[in-house]
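Colleague: I should like to understand how the descriptive terms used for a protein model are justified. May we go through some of them in turn?

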Amino acid sequence: MKSTILTITSAAVLSILASCNGTTKTTTVNNTPAPQSGQLPNPEMNKKHSPDYQPAFEGQTRIEGARTKTAYQVDVINEKLEKPWGIINLPDGRFLITAKAGYMSILSADGKDVKKIEGFPEVDTKAQGGLLDVALDPDFSNNRMIYWTFSEPVEGGNHTAVGKGKLSQDEKRVENPQVIFRATPTYDGDKHFGSRLVFDKDGNLFVSTGERSDLATRPLAQNTMAYLGKVLKITKEGKAAAGNPFLDNVKYKPEIYSYGHRNPQGLAMDEKGQLWEAEMGPMGGDEVNLIKPGKNYGWGDVTYGLEYSGKKVGAGIQQKAGTEQPVYYWDPSISMSGITFYTGNMEEWKNNLFLGCLSGEKIIRLVIKDNKVVGEEWLLTDQKERFRDVLDGSDGNLYGITDSGKLYRISKK
Ligand SMILES: [Ca+2]
């Protein structure tokens, strides 16, 4: 099997050792000098789409570039996955990885051994749809329950749905799969399904949903009787979680935790138990948000991005009373997907937020202090890969999966 090893030294020289048929090739692919004090993380950030838009506070965008000092190694430990979308660890350190096509795989910790799990409900795989994220029941060791999101094909189109089922003892099937939640209204589209799953400390499930992209559905992100463009909090049975902010308000669906989101493909809990979300903006305006119960995050009225045509979104508002500002935003877009906080072996990365980027083709590291971004670093830019999800591995390493089917391991050297 072909294996690729990249080494990053403390002098910030990155080299590839590609071993193929017994020959080893070493190539220096990145010797960009560390950003000087006050410099942006990357010169590409100079191409703003909306130069007139001003941040709401200092440090909300275009923060100073950061540079990792500790040496680390990058390995591709599998490169034959079929369009993976979500990755988590099983309690024994193996990986559970979703395939957009509608199944999951279990990979050994070294990435070499792959077992397929089938028996999932039908998914709509058009464009951005498919079997999407996965989460383990906090009590998985006893009940073997797994939860997943997917685009469910139904009459009239599709919607983001949450399924659950039991992993069979032989790990080949999901038993008694059930759909516990449907983010209606159904729409005949193929974009912006969200979606990520994160359990809270009480065993309830956060679910993020997209607003389905089209102008026809965009206003539903602000419609509190629709489930599109939301962060929801549900029980393991798919009901509104106790303590949700709108349980007693008939103008809101009781499962809603926050609203006004565009296409949130990133959700992660930090070490204090705070929920963070990342959502793609249109042309510019990709956001990282700190999610608070009952709050409105602005989309599709308030954004630092522009329509893909270059026109303003709506009235072209970036700040509005009654809406939450992003903790951080990007213009130009970095197009993030999955995110994770790091708790691993690289001391200087502890509690940093890592974001897998799609068209941005990199992993971004954000240094966060007192809920403000104080540094940003672009990692693996030379790989030219669309990173769909990142994982804070239970073995202390960082992992990433790509649309091209690779599983990356980033470990301390
Ligand atoms: Ca927003």
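The conversation below concerns a predicted model and takes up a metal site and some strands.

Colleague: What makes Glu287 and Tyr297 donors of the calcium ion?

Modeller: For calcium, a donor is an N, O or S atom within 3.2 Å of the metal. The protein donors here are Glu287 (OE), Glu287 (OE) and Tyr297 (O), lying 2.2 to 2.6 Å from the ion, so they meet that cut-off. Glutamate 287 belongs to strand β19 and tyrosine 297 to the loop between β19 and β20, so the pair ties together parts that are 10 residues apart in sequence.

Colleague: Why is tyrosine 297 called buried?

Modeller: Buried means under 20% relative accessible area. Tyrosine 297 has 1%, and glutamate 287 has 5%; therefore both are called buried.

Colleague: How do you know that strand β6 is largely enclosed by the rest of the structure?

Modeller: In β6 (residues 95–99), 5 of the 5 residues are buried, which is why the strand is described in that way. Phe95, Ile97 and Ala99 point one way, Leu96 and Thr98 the other way, and all are buried. In a regular strand the side chains alternate between the two faces of the sheet.

Colleague: Why are β5 and β6 said to pair?

Modeller: Two strands pair if there are at least two bridges between them. Strands β5 and β6 have 4 bridges, in the antiparallel sense, so they satisfy this condition. One of the bridge partnerships is that of isoleucine 88 with leucine 96.

Colleague: What joins β6 to β7?

Modeller: These antiparallel strands are joined by 5 bridges, and alanine 99 has tyrosine 103 as its bridge partner.

Note on methods. Residues are numbered from 1 along each chain as its sequence is written. This is a predicted model: local features need pLDDT of at least 70, side-chain atom pairs count only at pLDDT 80 or more; totals for chains, interfaces and linings use all residues. Side-chain values use heavy atoms; hydrogens and water are left out. Donors are N, O and S atoms within 2.8 Å of the metal (3.2 Å for Na, K and Ca); water is not among the atoms, so sites may look incomplete. Helices (H or I, at least four residues) and strands (E, at least two) are DSSP runs, numbered from the N terminus. Buried means under 20% relative accessible area, exposed over 50%, partly exposed in between (1.4 Å probe, protein chains only).
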